Amino acid sequence: MLTINNISKTFFPGTINEVKALRKVSLQIKEGSFTAIIGTNGSGKSTLLNAIAGTFIPDEGSIKIDGTEISRWPEYKRARMIGRVFQNPFAGSAADMTIAENIVMAMRRGQSRPLKIAVHKNIKAAIAEKVQMLKMGLEDRLDNPIGTLSGGQRQALTLLMATWLKPKLLLLDEHTAALDPKSAAKVAELTKIIIEQEKLTALMVTHSMQQAVDLPDRIVMMHRGQIVEDLRDEMKHRVRVPDLLETFNIIQKRELFDESVARLMKEQYI
Amino acid sequence: MNLVIGAFTIGLILSLLSLGMLISFKMIKFTDITVDGSITLGASLTAVLIATGWNPWLATLMAFFAGLLAGAITGVLHTKFKIQEILAGILMMTALYSINLRIMGRSNIPLLDTGSVSSQTEQLLTTISGGADKMNVFGWEVPVADMGALFSSLVLSLLLAIVLNYFLKTHFGTVLRATGNNPQMVRAQGVNNNTMVVFSLALSNGLVALSGAILAQYQGFADVQMGIGMMVWGLASIIIGEALVGKSSIGMTITGAILGTILFRLLIAIALRWGLNPNDLKLVTAVFVFLALVAPAMFKNLGKRLQKVRSHANNQ
Ligand SMILES: Nc1ncnc2c1ncn2[C@@H]1O[C@H](COP(=O)(O)OP(=O)(O)OP(=O)(O)O)[C@@H](O)[C@H]1O
Ligand SMILES: [Mg+2]
């Protein structure tokens, strides 16, 4: 389904601020699988998702969806295949526009936008029916600006919008991180339901070990722009939160060790 | 009465400018100064074409297309060449000043005894009033020509308002409105937000040039200076319109822009009648827009301060 081959991305190359955010990352995602990406702050998780979504063009490497090379496509063109929910609950919808108007735009993601009235009675009924499933009472507020809703409500709607037309790939970047615990749990629950119901292929960045253990069927761990662990099938089923924390510790210790050794060497030889 | 009819007519003609600016300033949130140049572009092109014997309607249509092109260039300067929006508009406006001079060949072209887009309406009214050149409106004797201009600008303004209202509610129009709101979201929905910006600026300046074309025919001349300050006047009109009817729906926003423009023209006519020096008009308008822009925030602060003072008083 998704084949990423040796992609790299360096921000501010050749300056003191140079950041190698992705270093020859390769990853294959099977159709219908749900993968979590975990890792420390700044390890390149969002950058990986952005590279797939097309926020920027990677410096090298290829990204293929169903065999089509998309790594040079602009972001809007990739949206035909990719549904997306951002960490910022306000990023996925147009605040001043109504719930119905926002959803109607998502109902034609990647398709033509004809000169026909967008929000009419029949469409509204269809929207209300599907919005009901969120159990947030939003079906009665379809004409309210989406900006008047809470972050959790907006994120739930963004999730619904991203999956309204079945995407080949669903990208979730810490989409529950900015929510209060209750809303976060609700959105996580919805995510699971929608992904299962629609049999979606999904990639989810999360900081919640619990989410990583509970929701997906594969865990990928990133560190310093590289994939350092890949737990799937049997391994994934056995893994528990403490195991993940342990792995983190090991990786960080290894690094500490590396750095202190490097310093020692410097002191001795320079 | 003539004063009022004149203000109404100019208000209706300039409401096309306000509708155009509604698209750039309110829908895609682009502060576009091209307006000052494109209204003159519309006026000068139409004036030259009519003076050389073109059909006024065709000449007006050409002005619309010229405006489309000017707006599209501003859009490309901004999206493709990454020039800041204000600067992109200034560049285009400056270029248009020379272009307008080139089109006219001098700084002013009079349109005397030539046909205009309101000629047919005037003829119709003349027939109705039995060939007289004045007609009775609510007890006032009004020149038929003035009524003709009023009617035709009214019809045109209403027609465009209806079309625009429909357009903004279509699938395409909905995405256009979202572009100013959240371009990231628009991209995530598979639409090139840059294309939307170019399109919107083109449409916006097309309407502005249309307004200029009709204004030139109404006032009987095109002048290379006539666009100066027009963008701020449009802003003032939009602000007044919002205060007047709010912005609860697209229909209301459009209605507001039209009513705001007319009211603004009436206010100007009255102020001039009361002895305001015409040279001070632009200063007064600028101060007005400044106040309208900062007033909401000031009121909020004032409210907060009052609350503080009150709670202090209560505590003592
Ligand atoms: N647009 C950008 N411009 C410059 N540097 C960037 C940009 N995006 C990311 N980076 C840098 O790349 C590195 C990886 O960032 P990224 O956002 O991918 O990390 P992350 O794993 O998502 O971290 P977090 O858990 O904090 O979200 C960081 O050092 C970050 O500062
Ligand atoms: Mg991140």
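## A tour from the A–B interface to the aromatic rings of chain B

Begin by selecting Arg177(B) and Glu101(A), whose side chains meet in a salt bridge with 3.0 Å from N to O. Bear in mind throughout that the model is predicted, and that the distances given here are computed from its atoms. This bridge is one of three salt bridges that the rule finds across the interface of chain A and chain B. Across that interface there are also 15 residue pairs in polar contact, with both partners at pLDDT 80 or more.

Next, colour the helices of chain A that face the partner. Both α2 (75-78) and α3 (99-106) of chain A supply at least two residues each to the side that touches chain B, and α3(A) gives the most, with five residues. If you then colour that side of chain A by residue type, you will find 17 nonpolar, four polar and eight charged residues.

Now widen the selection to the whole contact, which takes 29 residues from chain A and 21 residues from chain B. In chain A, the residues to pick out are Tyr76(A), Arg113(A) and Leu115(A), which lose the most area to chain B and together account for 27% of what that side buries. The size of an interface is often given as the accessible area lost when the parts come together. For chain A and chain B the buried area is about 2,200 Å², and carbon and sulfur atoms give 62% of it.

Return to α3(A) and select the helix by itself. Is α3(A) enclosed, and how many of its residues are buried? Eight of its eight residues are buried, so the helix is largely enclosed by the rest of the structure. Among these buried residues are Glu101(A), Asn102(A) and Met105(A). To see what covers them, show α4 (121-131) and α5 (151-164) of chain A together with α7 (171-181) and α8 (183-188) of chain B, which are included in the cover.

Move next to the rings. A search of the whole structure finds six aromatic pairs over all chains. One of them is formed by Phe167(B) and Phe172(B), a tilted pair with 5.9 Å centre to centre and 45 degrees between the planes. Phe167(B) also pairs with Phe199(B): their centres are 6.1 Å apart and their planes stand at 35 degrees, so this pair is tilted. Phe167(B) lies in helix α6 (residues 144-169) of chain B and Phe199(B) in helix α9 (residues 193-219) of chain B, so that the pair links distant parts of the chain, 32 residues apart. Selected together, Phe167(B), Phe172(B) and Phe199(B) form one aromatic cluster. With a surface displayed, compare two of its members: Phe167(B) counts as buried at 12% relative accessibility, whereas Phe199(B) is partly exposed, with a relative accessible area of 34%.

Finish at Phe221(B), which is found in strand β4 (residues 221-223) of chain B. Phe221(B) is partly exposed, with a relative accessible area of 30%. Leaving aside residues up to four places away in sequence, Phe221(B) touches Asn108(B), Ile109(B), Pro110(B), Leu111(B) and Ala216(B). As a last step, draw a distance from the C-alpha atom of Phe221(B) to that of Ile23(B): these residues are 198 residues apart along the chain, and the two atoms are separated by 27 Å.

Definitions and conventions
Residues are numbered from 1 along each chain as its sequence is written. Chains are lettered from A and ligands numbered from 1 in the order in which they are written. This is a predicted model: local features need pLDDT of at least 70, side-chain atom pairs count only at pLDDT 80 or more; totals for chains, interfaces and linings use all residues. Side-chain values use heavy atoms; hydrogens and water are left out. Contact means heavy atoms within 4.5 Å. Buried area is the accessible area (1.4 Å probe) that two parts lose on being put together, summed over both. A salt bridge is a side-chain nitrogen of Lys or Arg within 4 Å of a carboxyl oxygen of Asp or Glu. A polar contact is a pair of N or O atoms within 3.5 Å; within protein, one must be able to donate a hydrogen and the other to accept it, and residues adjacent in sequence count only if both atoms are side-chain atoms. Helices (H or I, at least four residues) and strands (E, at least two) are DSSP runs, numbered from the N terminus. Ala, Val, Leu, Ile, Met, Phe, Trp, Tyr, Cys and Pro count as nonpolar, Asp, Glu, Lys and Arg as charged, and the others, Gly among them, as polar. Rings of Phe, Tyr and Trp (its six-membered ring) pair if their centres lie within 6.5 Å; planes under 30 degrees apart count as stacked, over 60 as edge-to-face and the rest as tilted. Buried means under 20% relative accessible area, exposed over 50%, partly exposed in between (1.4 Å probe, protein chains only).
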